[in-house]
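Q: I would like to learn how to read the main features of a model such as the one shown below. Could we go through them one by one?

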Amino acid sequence: MEKITLSEQDIINALCLHTAFKRQITPQEVEIELMYDDDYGFSAESYVNDRKQVLITANIIEAIRFFLDTEMSIDPFSARIELVLDDEEGIIAYIG
């Protein structure tokens with residue numbers, strides 16, 4: 001498998017799609033904010049109908065696996081996923 005890079009927007013899209021799928025709403029109803037903290041690592045905040053949910057790294061990886069399966073037709077469990085904080089591109093994911 002070639003190495004794929006998911007942009008910050010791709011990760012946000014993955015989180016929107018996954019959250020929408022789980023809550024049976026449209027992706028347009030979901031707002032996502034990605035975050036990185038030196039102590040806690042990667043996380044995100046999901047907003048649906050004015051309700052906030054904090055997503056941890058495992059939730060982000062789960063959403064990326066969902067995105068790989070449904071949008072890119074890639075076996076989600078054959079890929080290694082690494083989240084990276086890039087100075088120029090923000091939070092990105094390497095798939096390989």
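Q: How many helices and strands does the protein chain have?

A: Helices (H or I, at least four residues) and strands (E, at least two) are read as DSSP runs, numbered from the N terminus; on that basis the protein chain has two helices and six strands, and from the N terminus on their order is β-α-β-β-β-α-β-β. This is a predicted model, in which local features need pLDDT of at least 70 and side-chain atom pairs count only at pLDDT 80 or more, whereas totals for chains, interfaces and linings use all residues. Residues are numbered from 1 along each chain as its sequence is written, and side-chain values use heavy atoms, with hydrogens and water left out.

Q: Why does the protein chain count as being as compact as a globular protein of its length?

A: The radius of gyration is taken over C-alpha atoms, and the globule rule is 2.2 Å times the number of residues to the power 0.38. For 96 residues the rule gives 12 Å, and the protein chain has a radius of gyration of 13 Å, which is close to that value, so the chain is as compact as a globular protein of that length. Its C-alpha trace spans about 40 × 30 × 20 Å along the principal axes.

Q: Is H18 buried or exposed, and which residues does H18 touch?

A: Buried means under 20% relative accessible area, exposed over 50%, and partly exposed in between, with a 1.4 Å probe and protein chains only. H18, found in helix α1 (residues 8-23), counts as buried because its relative accessibility is 8%. With contact meaning heavy atoms within 4.5 Å, H18 touches E62, A63 and F66, if residues up to four places away in sequence are not counted. Over the whole protein chain, 41% of the 96 residues count as buried.

Q: What sign does phi have in Q24, and where is the place of Q24?

A: Most residues other than glycine have a negative phi. In Q24, however, phi is near 55°, a positive value in a residue other than glycine, and Q24 lies in the loop between α1 and β2 (30-37). Q24 counts as exposed because its relative accessibility is 73%.

Q: Where is the place of N49, and what is its phi?

A: N49 is in the loop between β3 (41-48) and β4 (51-56), and its phi, near 50°, is a positive value in a residue other than glycine. At 59% relative accessibility, N49 counts as exposed.
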